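Hi,

Here is the structure I promised to pass on. Have a look at it first, and my notes follow underneath.

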Amino acid sequence: MPIVLTLSLAINLLIIGVALGSVLRLKNSDHAKAPPGFGPALYRALPKEDRKSLRGELSGLHGKGAKGRSQDFMVVTEALRAVPFDPETVTLLLQQQAQATADLQAALQEKWLVLVTQMSDEERQTYATRLEEVVKRGPRGHKKKH
């Protein structure tokens, strides 16, 4: 039963997040003018085989994090139901989640830098050109209108 409740909460939060994000994007026309996120742009500009390699190398770390998140959702659900409510428990969990995200990002950046370092000068020039194209397309991958 706790797993079902946790999944239900996660799905509801996802739906609310998507709906809220859609509304905010419609109201904020500057969003379409903004460049994509730094990490996603660097990743999308990589050649397909390098993106595949990166995903393969990091899948274990990401999978490990997913298992931990399932447990963390159970802990936060219990903490939310606790009487009296203990915000320190939730704060600790949020800090752990932030650290796990930072660890994953650091691993990704390290692997990315190894890939770029191994590129020839010509490959890096080509990569830089692809990166410019990704940035021009914007966060949704469409060409920006000026």
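Before the main finding, a term: a nonpolar core here is a set of buried Ala, Val, Leu, Ile, Met, Phe, Trp, Tyr and Cys residues joined through side-chain atoms within 4.5 Å. Buried means under 20% relative accessible area, exposed means over 50%, and partly exposed is in between, with a 1.4 Å probe and protein chains only.

A word on provenance: this is a predicted model, in which local features need pLDDT of at least 70, side-chain atom pairs count only at pLDDT 80 or more, and totals for chains, interfaces and linings use all residues. Residues are numbered from 1 along each chain as its sequence is written, and side-chain values use heavy atoms, with hydrogens and water left out.

On confidence, pLDDT is the predictor's own score for each residue, from 0 to 100. The protein averages 80, with 75% of its residues at 70 or more. Helix α1 (residues 2–27) has the lowest confidence, at a mean of 68, while α5 has the highest, at 94.

The fold has 5 helices and 0 strands; these are DSSP runs numbered from the N terminus (helices are H or I, at least four residues; strands are E, at least two).

Now the core. The largest nonpolar one has 12 residues: A41, L42, A45, L46, L54, L58, A107, L115, V116, M119, Y127 and V134. At least two of them come from each of α2 (38–44), α3 (48–81), α4 (87–118) and α5 (121–137), and α4 gives the largest share, 3 residues.

What does L54 touch, leaving aside its neighbours within four places in sequence? Its contacts (heavy atoms within 4.5 Å) are Y43, L46, L108, K111, W112 and L115. Across the protein, 69% of the contacts with a separation of 6 or more are between residues 24 or more positions apart.

Buried residues are 16% of the 146 in the protein.

Last, α5. The expected span of a helix is 1.5 Å times one less than its number of residues. For the 17 residues of α5 that gives 24 Å, which agrees with the 25 Å between its end C-alpha atoms. K136 is found in this helix and is exposed, with a relative accessible area of 55%. K136 also lies 9.5 Å from A34, C-alpha to C-alpha, although 102 residues separate them in sequence. Just after α5, G138 takes a positive phi of about 85 degrees.

Cheers
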